[in-house]
Each structure stands twice: as C-alpha cells, then as structure tokens.
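Work through the three exercises below with the structure open. Try each task before you read its solution.

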Amino acid sequence: MRSPILQSATKYLLPILLLFSFFLLLRGHYYPGGGFVGGLVASIAFVLHSFSNGTEATMRLLKRKPLSLIPVGLGISVMSVTLPLLFGLPPMTGLWFEQPIPVIGMIGSSLFFDLGVYLVVIGVVLTILFTISLDNNLDEKK
Amino acid sequence: MLLTVLSGLIFSCLIVPFGKILKTKWSIILPIVPFLLFAFFAAQIPLVSSGNSLYQHIDWVSSLGINFDFKLDGLSLLFSLLITGIGTAIFVYALSYLKGHRYFDRFFGYLLLFMSAMLGVVLSDNILLLFIFWELTSISSFFLIGFNNDNADSRKSAITALTITGLGGFFLLAALILLGNISGTFIISELVQSKEVILNHPLYPLLILFIFIGAFTKSAQFPFHFWLPGAMKAPTPVSAYLHSATMVKAGIYLLARFTPILGDSELWHYSLMIVGGITMLYASIHSLFRIDLKSILAYSTIAALGILTFLIGVGTQEAMVAVAVFILAHALYKAVLFLVTGIIDHETGTRDITVLRGLGRVLLPVTIASIIAAASSAGLPFVTFGFIGKDLIYEATLHYPNMEWIWILTGIAIVTNVGIVAAGLMAGVKPFLGKLPQQFEKIHLPPFSMWLPPLLLSALSIVFGLLPWWAGNYLTGSAANAIHGSSFPQENLAIWHGPNLVFLLSIVTLVLGVIVYLVNKPSLSKLQAVEKLNNISPQSIITGCANSFLRLSDWITGLSHNGYLRSYHLKIILFAEGLLAYKLWKSGPIVLDFDQLTRPDLYEIAVVLVLLGALFIVVSTASRLTAVVSMSVIGYCTCLIFVFYSAPDLAMTQFTIDTLSTVLFVLVLYRLPSFINFASKKILYRDAAVSIGFGLILSLVALRVWSEPIAKDISDFYGENAYILAKGKNVVNVILVDFRGIDTMFETVVLSIAALGVYSLIRLRLKPTEKE
Amino acid sequence: MELILIILLGLLYAAGVYLILRRSMVKLLLGIMLLGSGTNILIFLLGGIVKGKPPVIDEDAKLFQDIFADPIPQSLILTAIVISFALTAFAIVLLKRVYALVNSDDLDDLNTPEEEDI
C-alpha cells in the first residue's frame, strides 16, 4: 500500500487527526467525545501512518514502544483517583480549578482521568496492531 | 485453655523451620510439650473433682455464633489427661521408634497437630468449634495413617479412613447446625436448658441419626468399623495413640457429651444399644481369627468401643460410671499392648503371632508391661483396674431397669468380654511364652525410652487397680456426673464387693476367656476361611458402592465430554433455550403497548435491511475476506442505528472500533486458508434449527422485558446531578469518568492485560524442537 | 422500530449461535462477535430508544429540559464495545498462534487425544 498519494496525505492527516483526537478528549465532558473515542481516533491516525509508510517508520516516529504508554496512562488515572485523598476527601472526588482556562474550559481531575484512559487506549490498540504487523513482516522476511 | 489447645498447633508450625534441629539430640524437647500440658490438667484435678468447671470465652466470629468457648468439666478433664498423659508416653516412645527416619520432624508435627485438635474437641463448649477440631483430628489422622507415603496400601487406608470419617463429619455438621437452629444457641452448656424443646422437635430423629453417623464413623462402629483395621498401616505409636486411646474415642466423647442434651428418648437408647451390641459381638469374635498382632488389637479396640457405645445406650447411672472407668482402663492397657507390639515389630520385623514365641527371655521389661496389660484387659481380679471396669459393665447390665432385657444384655457383654480376654492374651502374652526360636536369639532390648513408657502405663493399671477409690474420686466420678448430666451419689470404686453375682460373672468370663485362648489356635488357613465372608462384609459393600459411583461418573463423563467444543456449545445452548422457554411460558402472555413504539423511517429500515444482508453473507460465505468485510458492514450499520437513536458517543466508538477490528482481521486472517465445510446437510439443518430457536427465544425475552415498565431512578439521578455534582454536560462521559470512574479504571486495566497478552503471545516464539 | 430491532437482535443471536456451532475457529470468533453486537442492541433497546435527544445537557442549562435518551445503557455499551475489541484482538492473535502451530483452522485438529500420552 505504498502509494505516494497516501504517503503525502498522511503527512498532513496525522497531525490533523491527532489534533482532532485531542479535541475529542477535551470536549468529552460537555459534548459527545471523551477518552475512549479520542484514544481510538489517535490510534487510527497512527495506523494510517503505518499503512502508508510501514510500521517500522511509525515506530521510529513514536520513538518509544506504544506499550510504555499503558503504565503512564494507568498511572495518571490512578493519580486522579487517589489525589483527593491528599485533601482528605474520598477517592474520586472531582477537584476543579477555580477559573476556566481559555480554549479548554474548566479543568478538573476527571479530565486527567480521561487523559489516562486516552493514553491507555492508544497504548493498547497500537501495541496490539503493531506487534501483529511487525510479526507479519518478520514472517515475510523468512 | 485457649493456650493449651493452641500450644500444640504453634509447636507444630515451629517444626517446619526448626525441623532439622529436632532431628538431632534436641528432639528431647518434644515430649516436654505434652508433659507440661499434662501437668496443667493434672493441677486442675482438685478443682474439677469437687464439682466445678472451668470456663473461658474469647470472641472469634461472634456474628455467626462461632467463638472460642472452652469448658473443662469432669469428662473433658478425663479425656484431656488421657490425651496429654498417653501423649507424653507416645512422644517419648516415638523418639526412639522413629529415630533416623527421613520424616522424623514431620511425624511430630502431625502428632502435635493431632494432640491440639483432640484437646480442642474435648474442651470446646461451642459445637461449631468442636466440629472444626473434629475435622482437624480426621485430617491429622489421614496424614498419620498415610505417613509411609511410599506404600500404596498405606495411602489407600489413609484415603479410606478419611472418606469414612469425613463422611461422618458432614453428617455431624448437619446435625450440629440443626441443633443450633432448633435451640438457638451453639453453646453446649446452654443447649442443656433447651433439652425439652429439642426432644419434642419433629426433626429430633433426623438430628440424632446424623449425630450417630458422625459418632459411629469416628468411633468405628458397625457398619463403619472397617477403616480402623486399615488404619493400622500407620506407625505403631500412631495406632496406640490415635486409633486406640484417643481419637477413636472422640465419637464416644461426642455421644457422652450429648447424652444430657439428647439422650432422654427410647430411640437414643435402643439405637445405641443395638449398634454397640452388634459392634462388640462382631468385633470380639472377629479378633479371634486374626494372626497379625495389630489386627487383633484393632478388632478388640472396636469391640471395646462397641461396649462404650452400648453402655451409653444403657444410660443408667451405673452405666455412666462404667463408661468413665472403662475409658480409662481401656486406654491404659490398650496403649501398652500397642506399644509392646511396636517393640516386637521393631525388633523382630514381624507381627505374626503364629511365628512369635518365647520373647520373654530377651525382652524382660517389655514382657512385664505386656503381661500386666493383658491381665488388666482380661480383668484379673484384685489387682488390675481392668477388673473394676469389667465389674462395672456387669453391674450396669444387671441393673438395667427392664427385667426382660437383663439377661440378653449381660449375655452379650459376657461373650464380648470373653473375646476381649482371649484377644488380650493372644496379643499380650502369647508372643512371650514358649521356647525362643533360633531366628530371634540375637534380639536385644531396645533403648529404655521405648520400654519405659509401656511399663509406666501398665504400672498405672495396677496403681488404679489397687487404689480404685482414688481414681473414682478424682477422675471418673466427675466424668460420670458430666455424662449423666447431674450429680448423683456414687459408691466408692472398690476392688472387692464381696462374692456376689457380678464377681461370679467376672470369674466366669476370665475362665472362659482363658479356655478360648488355649483352644483357639489362630492360623493363616482359618483367617483365609474367614476372609471368604468378606464379600458380604460392610467394607466390600461400601467400597463396591464407591466403585460403582466412580464407574457411573466415568460413564456420564464419557458420554457428555466428547472433546468437541461445538458439542459443548450445543448442550449449553439447548439447556439455556429450555430454561428460558420454561421461564417465558411461566411468565404469562406478553402485552404490548403499541402507542409506545417509535415509528421507523424509511432510511432506518434500509439500514436494517443492509445489516441483515451482511449478516446473511457472514453466515453463508465460503470466503474469509467476504465474511470480514460483511462483519464491518454489520458494525457500521449498528453505528448508524446508534446515530439515529441519540447515542453519538456510541456511534463514534463503534465506528472507530469497527475500523480497527477490520484492520486487525485483515492483518491476521488473510493468511489463513478459506473455510472448508465439514458438516453434513443434516447437521447444518439441526444447527440452523437450534440457532433460530435461540434467536426466537431471545427476541421473545427482549419483547417481554421491553413490555415491562423500567425504573428510571438511576438514569434520572445521573441526569440531574451530572452538571451539579460533576460539572459535566455529556452524561455518558460523566458516568464513565466520574460516577463510575473506578469501573472505567478497571476496564482500562483489562485492556492493558489484553494488550500484554497479545504482546507476549506474539513474542513467544517457540523453538523448533517445541513445535509439534 | 422497537419491533424491528427485536427481530434484528434475534437474528444476530441466531447467526452468532449458528457460527459458534461450526468447526472453524474463525467462524467461532465471528460468532462470538455477533453475539456481542446482538447483546449491545438488546441493552440499547431495553434502555428505551429515543430519537434525536442525546443525553447531553443544553448549553445554557444545568438540567435536562426535555426527555433524554437513557445514558446508562449507553455507557454500558460503550464499555462493552471497547472490551470486546480487546477480546477480539486477543482471540485473533491466539488464532494466529494456533494456526502457526497446527497449520489448520479446524478446531478438531486441536484435540490431541490424551490417550496418546498415556
């Protein structure tokens, strides 16, 4: 599937899709969207990139194994669950900044939770797809 | 008292890390544990014999009524002293008996565990606590019988014993819970007060039936007796301790303990007398045909247990005194006989009484102990405690309130006692008399730690025989009171009541026993003749039942587990269909409210039709790629349905997931060969019928559920509070990340696990040798 | 539309069951996926379907002004969709490994009879 058209298209599509996925994540609390969808869209962006440029190229772009996103995401989720404990509140209490931040809007601990979910979803999907696809490449070389 | 019960458990655990040390000369500290406990209980004698009891209560699981309630009364004290006293002797003996054994430390671990459990049984005042310790004794007995675990026979006997006693344990648990439910308490001392309620309860017969099964299995009563001879595969100290002196008496203890609560009915009396009577006759006659020393002792132990059951059944005051005295007397002489057997076995390597002769010359102290024990078992007048025990048995049968029964009961008692006398002489005297065969000439006396314990124990038989009032006042008297449930005046135990009928019977028994001993020459051929009757013995019947159960389950397993996944699916689905159809049929007609229906638009119907078309292709296509593509069509159509019916979040998720799934399928599946149709037309039609039936039933279920009004409370709560509590307007997202955030977090954990699974499955590259 | 959805989910279940009764591993997997989507529709339907009223609160309101689609089935299904993706991925990879080992899609080839070991 190495078509030059697709290759040059993904060059622009990847950042746009990533931006879109982040947008879905941020607005998830008010409009349809959220961590799951955002994460899935971001994964699709990378999968598209890997289709046009090869999985190895995408892995180089990512610099790290997608597997490492999973602990990071889980860590952020756990932190947003346990953070209220530090303030003497029951776990999972929503904590909110007083002032809305421009563009993003209100920021609270549930956004961080969603961010964790987002990262875990990306990590999971990419780990699954890339390990399989790299394995296929390995088989082909044999 | 908690400490006394737990000390054994604690030491038993300590043996795990310190086992190596205990194999050296430090092993000497082992007998100190039971000895200290013995000293503790001995110190309580004055208190208890004056009619008081010691109580202790510690909360454990109070909500379920299971607490550490301990009570030390006369009966418990008698048993505790036997457990710790004989325990001390056994521990000392076993030090030499098992010296250098590979599992020396393990053996003492089990033994300590058993001692604790047994103390727990006799000290518990809470019936559930009692049950826990009861099961622990079964388990430790299992380990000890199977101690020589490289011997197949030994393992088999251990399993038999565990099966029988474990079975009894289940019944006992049922009985105890029933008892607790009827009376509302699990405390034995309080149960006595609800005696009337329990006796008049309609479930009373069932209750005592279960108690009986529990007690009879443990105390080897007919027809559950056969595990005990098998249990003789255990090392001899174990046989002496568990299977003669203490554990098998747990059933007797149970019956004695419940006599004040349950024992006031004809059913109770007669069943115990009948079962005890059969057991004692059967076992004492059986013992005469055995040629293995331990086998003889096993059967005479069963006979003695039968006597105890029988006496509890008789239930008079005299009988209770007889029970208490006979427990003590029997434990003292039977333990000695077992220990002596152990020494003989250890030194000569055989237990065959047709071979053993003349050992008196080489094993003098052992001979003395053995002959005293045999004399006590025979009830030699004036000097042995066994005589008093025998006396009291006749006393009890002769004073039975129902005149017509007196001679039957006394007759049974005489026959049994004759058998016991003969068995005692066979086991305790015969090996030591006569000319020493050449093969045994090199035998020498074992270390004193082996012959001293039996000698001391047999000395006690004499001491109590000479000072019966002492034993009566301090030990058996209060025990008899506890069994009877009231304090009644007791005559002092005495060795000499004058030449009355009882004395005459004792002498007759003794003489007859000696005659039987002299006349009866057990031999292998006789044993084999008796063995032929085995086919109709309870043992063969029960093992036969067990074997047919095994075959039955084997047959059923073979029938239903044919190893084909689809046939399992078929069975599960058919069963689910049946269940759901039955439930639907029972739930009555479905009433539909047509006003509630939403009108479908044309484009919606189109989407559904496309979906159905794709579905048909998935099912019927032979090409894998077509199937995958159709699957994604199904996914996108579902996604559209979500869009139409106000679920934008779902639609987005479904859309992306569907895309990714297709990518996934294509990545993996394009390499696989295309479908092959294995099944015949007939099977295809059958499966189609089953699946259409399933779909139909589920549609009906859906219709049924849909036609019922649903509670919207929770949805309304989320709707109202989404913004106010969680500052979010997309309620689905608020539920996911806030209200039910923990669920979502664990969902991400599940996702991560799946990813790790995929990662490791792919990375796991088998070496060529591991491939098939 | 409810009745149409009810028939649809019945057919999805029927197709799923039919596929898991087949001998092919891939069909087994497809059957499980179909059962999953049937269940999703079932839950969605039982929550009550409403047209054009997503469970999102209006821009300038703090509460729902109108009837709204039930958010609970939606969040349940959302979770189910994502989890079923993970399940599918794992199953597919398992399938791939099995195929690499026994070189067949036939479930019966997995039955290495235990008798041979004894």
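**Exercise 1.** How many residues do chain C and chain A each bring to their contact? Then sort the side of chain C by class.

*Solution.* This is a predicted model. Step one: count each side. Chain C gives 7 residues and chain A gives 6 residues. Step two: sort the side of chain C. It has 7 nonpolar residues, no polar ones and no charged ones.

**Exercise 2.** Which residues and helices of chain C meet chain B, and which helix gives the most?

*Solution.* Step one: count. The contact joins 73 residues of chain C to 82 residues of chain B. Step two: list the elements that give two or more residues on the side of chain C. They are helix 1 (2–20), helix 2 (25–46) and helix 3 (71–102) of chain C. Step three: pick the top contributor. Helix 3 of chain C gives the most, with 22 residues. Step four: sort by class. This side of chain C holds 51 nonpolar, 10 polar and 12 charged residues.

**Exercise 3.** Are helix 13 and helix 15 of chain B roughly parallel or roughly antiparallel? Name the residues that make their contact.

*Solution.* Step one: find the geometry. Helix 13 (residues 249–262) and helix 15 (residues 293–314) of chain B pack at about 10°, and their axes lie 10 Å apart. Step two: apply the cut-off. Angles under 35 degrees count as roughly parallel, so helix 13 of chain B is roughly parallel to helix 15 of chain B. Step three: name the residues. Helix 13 of chain B uses Ile252(B), Leu255(B), Ala256(B) and Thr259(B). Helix 15 of chain B uses Leu305(B), Leu308(B), Thr309(B) and Ile312(B). Step four: sort them. The contact of these two helices has 6 nonpolar residues, 2 polar and no charged.

Conventions:
Residues are numbered from 1 along each chain as its sequence is written. Chains are lettered from A and ligands numbered from 1 in the order in which they are written. This is a predicted model: local features need pLDDT of at least 70, side-chain atom pairs count only at pLDDT 80 or more; totals for chains, interfaces and linings use all residues. Axes are lines fitted to C-alpha atoms, for helices over the stretch in contact, and angles run from 0 to 180 degrees between N-to-C directions. Helices (H or I, at least four residues) and strands (E, at least two) are DSSP runs, numbered from the N terminus. Angles under 35 degrees count as roughly parallel, over 145 as roughly antiparallel, 65 to 115 as roughly perpendicular and the rest as oblique. Two residues are in contact if their C-beta atoms, placed from the backbone, lie within 7 Å. Ala, Val, Leu, Ile, Met, Phe, Trp, Tyr, Cys and Pro count as nonpolar, Asp, Glu, Lys and Arg as charged, and the others, Gly among them, as polar.
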